[in-house]
Amino acid sequence: AVVSTQSGHYGRETKPSVEPVATHKTKQVQGEKNGGSREVPLKRQPRFYPTEDTKKPLHNRRKPKPTKLRASITPGTVVILLAGAHRGKRAVCLKQLPSGLLLVSGPYKINGVPLRRVDQAYVIATSTKVELPAMPDSLTDSLFKRKPKPTKNEKEMFVENTTEEPKISAERIAIQKEVDALVVPAVKKVDMLQSYLRSRFTLSKGQFPHEMKF
């Protein structure tokens, strides 16, 4: 704060002085040749310390916010996948999961794209939309959670890996059939949409995605 004096000059208000926090205390020491007293720290240092400096993580007060979905993507929007095993294929966006990822499906019966989680940064939203019915409540992030691999001991580390590839669970297959039974009739209501979903997205020479209208 700025205050004025009688002479007309302006000066800053002086802040009260803060007393420094005591870090040592005086301890009486016996013995004639020991000085009688000694300064001892209030907080003792650890006896052992690491040989290398380790960085401590900073306290983060930020709370994760839900991912904002693009206005062009809504449940029922036909999207083009740009990454993954099914890149170039078209799929129907079913909904946005709590993790922020999109839940899409071909459906599998039409073009072979199963239920997948996709980041919205790796899809192109088209203007084609499908009116979808209510999806089952079992479509959550926990559906895609994988089981942890068993740890190996020293003897098993040098044994040839004979484990089989992970197979699709019966629950996942049943949910896929349930979703296809809801999405396929909705796709058949739109003319030429089945052949559109079966076709792959490709670019020829002289074609630029930013100049196209999807």
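## Arg 117 and its salt bridge

Arg 117 has a relative accessible area of 34% in this predicted model, and because that value falls between the 20% limit for buried and the 50% limit for exposed, Arg 117 is classed as partly exposed. Its partner is Asp 141, with which Arg 117 forms a salt bridge whose closest N and O atoms are 3.2 Å apart. Arg 117 belongs to strand β8 (residues 116-118), while Asp 141 sits in the loop between β9 (123-129) and α2 (154-157), so the pair ties together parts that are 24 residues apart in sequence.

A search of the whole structure finds one salt bridge. In general terms, side chains of opposite charge can pair when their charged atoms come close.

## Overall architecture

The secondary structure of the protein consists of four helices and nine strands. Read from the N terminus, the elements follow the order β-β-β-β-β-β-β-α-β-β-α-α-α. The protein has 214 residues, of which 24% are buried.

## The largest nonpolar core

The largest nonpolar core contains 20 residues, and the members that touch the most others are Leu 94, Leu 103, Leu 115, Leu 139, Val 179 and Leu 197. Strand β6 (90-96) and the helices α3 (170-188) and α4 (193-198) each supply at least two residues of this core, and α3 gives the most, with six residues. As a general tendency, nonpolar side chains in soluble globular proteins are buried together.

Strand β6, one of the contributors to this core, also holds Lys 95. With a relative accessible area of 25%, Lys 95 is partly exposed, since the buried class requires a value under 20%. The C-alpha atom of Lys 95 is separated by 9.2 Å from that of Ile 73, although the two residues are 22 residues apart along the chain.

## A positive patch on the surface

On the surface, Lys 25, Lys 27, Arg 38, Arg 44 and Arg 47 gather in a patch of positive charge. Among them, Lys 25 lies in strand β3, which covers residues 24-28.

Lys 25 has a relative accessibility of 46% and therefore counts as partly exposed, because the exposed class begins only over 50%. That value is nevertheless compatible with a place in the patch, because patch residues need over 30% relative accessible area and no salt bridge.

How values were computed
Residues are numbered from 1 along each chain as its sequence is written. This is a predicted model: local features need pLDDT of at least 70, side-chain atom pairs count only at pLDDT 80 or more; totals for chains, interfaces and linings use all residues. Side-chain values use heavy atoms; hydrogens and water are left out. Patches are made of residues with over 30% relative accessible area and no salt bridge: like charges are joined within 9 Å, nonpolar side chains (Val, Leu, Ile, Met, Phe, Trp, Tyr) within 5 Å. Accessible areas come from the Shrake-Rupley method with a 1.4 Å probe; for residues, only the protein chains shown count as cover. A salt bridge is a side-chain nitrogen of Lys or Arg within 4 Å of a carboxyl oxygen of Asp or Glu. Lys and Arg count as positive and Asp and Glu as negative; His and the chain ends are not counted. The place of a charge is taken as NZ of Lys, CZ of Arg, CG of Asp or CD of Glu. Buried means under 20% relative accessible area, exposed over 50%, partly exposed in between (1.4 Å probe, protein chains only). A nonpolar core is a set of buried Ala, Val, Leu, Ile, Met, Phe, Trp, Tyr and Cys residues joined through side-chain atoms within 4.5 Å.
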